[in-house]
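User: Hi! I'm new to reading protein models, and I'd like to go through one with you. Can we look at it together?

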Amino acid sequence: MGKVNLVSLSMNLQRVTSLNRLSLHVLVEQASEGHFIASVPELPDCVAEAKTRSDAIA
C-alpha cells in the first residue's frame, strides 16, 4: 500500500463485538482520495481499504 493522505476529521474508533464475545476496536479513516481505511489496533497488520465505510469495516 502506497502513501495515503488521511482526513483526520472523519476518523473514529468503534467497538465491535462478535458472537463469541471477542471485543475489538476498529479505527476507520477516510483518505483524501475518498476511500475508507479500517484497521484493528489490537491486531498488527489488520487493515482493509474499500470505497465505502461499511465495506471497510466488513
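Analyst: Happy to! One term to begin with: helices and strands here are DSSP runs, at least four residues for a helix and at least two for a strand, and they are numbered from the N terminus. Also keep in mind that this is a predicted model.

User: Okay, so how many helices and strands are there in the protein?

Analyst: The protein has 1 helix and 4 strands. Starting at the N terminus, their order is β-β-β-β-α.

User: And how far does the predictor trust it? What's the mean pLDDT?

Analyst: The mean pLDDT is 77, with 66% of the residues reaching 70 or more. Residues 5-10 have a pLDDT below 50, though in the model that stretch still has 13 contacts beyond near neighbours in sequence.

User: Good to know. How do β2 and β3 pair, parallel or antiparallel?

Analyst: They pair in the antiparallel sense, over 4 bridges. One residue to look for is E29, whose bridge partner in β3 is I37. The two strands form a hairpin with 4 residues between them, and G34 in the turn has a positive phi of about 105°.

User: Does any residue other than glycine do that, and if so, which one has a positive phi?

Analyst: Look at D45, which is not a glycine and has a phi near 65°. As background, most residues other than glycine have a negative phi.

User: Where is D45 found?

Analyst: D45 sits in the loop between β3 and β4, and β4 covers 47-50.

User: Is D45 buried or exposed?

Analyst: Exposed: D45 has 81% relative accessibility, and the cut-off for exposed is over 50%, so it counts as exposed.

User: Let's move inside. Which residues make up the largest nonpolar core?

Analyst: That core has 8 residues: L24, V26, V28, F36, A38, V40, A50 and A56. Two elements, β2 (23-31) and β3 (36-39), give two or more residues each. The largest share comes from β2, with 3 residues.

User: Why would residues like that gather in one place?

Analyst: Here's the general idea: in soluble globular proteins, nonpolar side chains tend to be buried together.

User: I noticed L24, V26 and V28 skip every other position. Is there a general pattern for side chains in a regular strand, and what is it?

Analyst: In a regular strand, the side chains alternate between the two faces of the sheet.

User: Nice. How much of the whole protein counts as buried?

Analyst: Of its 58 residues, 24% count as buried. The protein exposes about 4,300 Å², and carbon and sulfur atoms supply 56% of that area.

User: New topic: E49. Where is it, and what does its side chain join?

Analyst: E49 is in strand β4. Its side chain makes a polar contact of 3.1 Å with the side chain of H35. The C-alpha atoms of E49 and I37 are 4.5 Å apart, although the two residues are 12 residues apart along the chain. With a relative accessible area of 41%, E49 is partly exposed.

User: And K51, what does that one touch?

Analyst: Leaving out residues up to four places away in sequence, K51 touches G34, H35 and F36. K51 and G34 are 17 residues apart in sequence, with 7.3 Å between their C-alpha atoms. K51 lies in the loop between β4 and α1 (53-57), and it is exposed, with a relative accessible area of 76%.

Methods. Residues are numbered from 1 along each chain as its sequence is written. This is a predicted model: local features need pLDDT of at least 70, side-chain atom pairs count only at pLDDT 80 or more; totals for chains, interfaces and linings use all residues. Side-chain values use heavy atoms; hydrogens and water are left out. A nonpolar core is a set of buried Ala, Val, Leu, Ile, Met, Phe, Trp, Tyr and Cys residues joined through side-chain atoms within 4.5 Å. Buried means under 20% relative accessible area, exposed over 50%, partly exposed in between (1.4 Å probe, protein chains only). A polar contact is a pair of N or O atoms within 3.5 Å; within protein, one must be able to donate a hydrogen and the other to accept it, and residues adjacent in sequence count only if both atoms are side-chain atoms. Accessible areas come from the Shrake-Rupley method with a 1.4 Å probe; for residues, only the protein chains shown count as cover. Contact means heavy atoms within 4.5 Å. pLDDT is the predictor's confidence in each residue, from 0 to 100. Two strands pair if DSSP finds at least two bridges between them.
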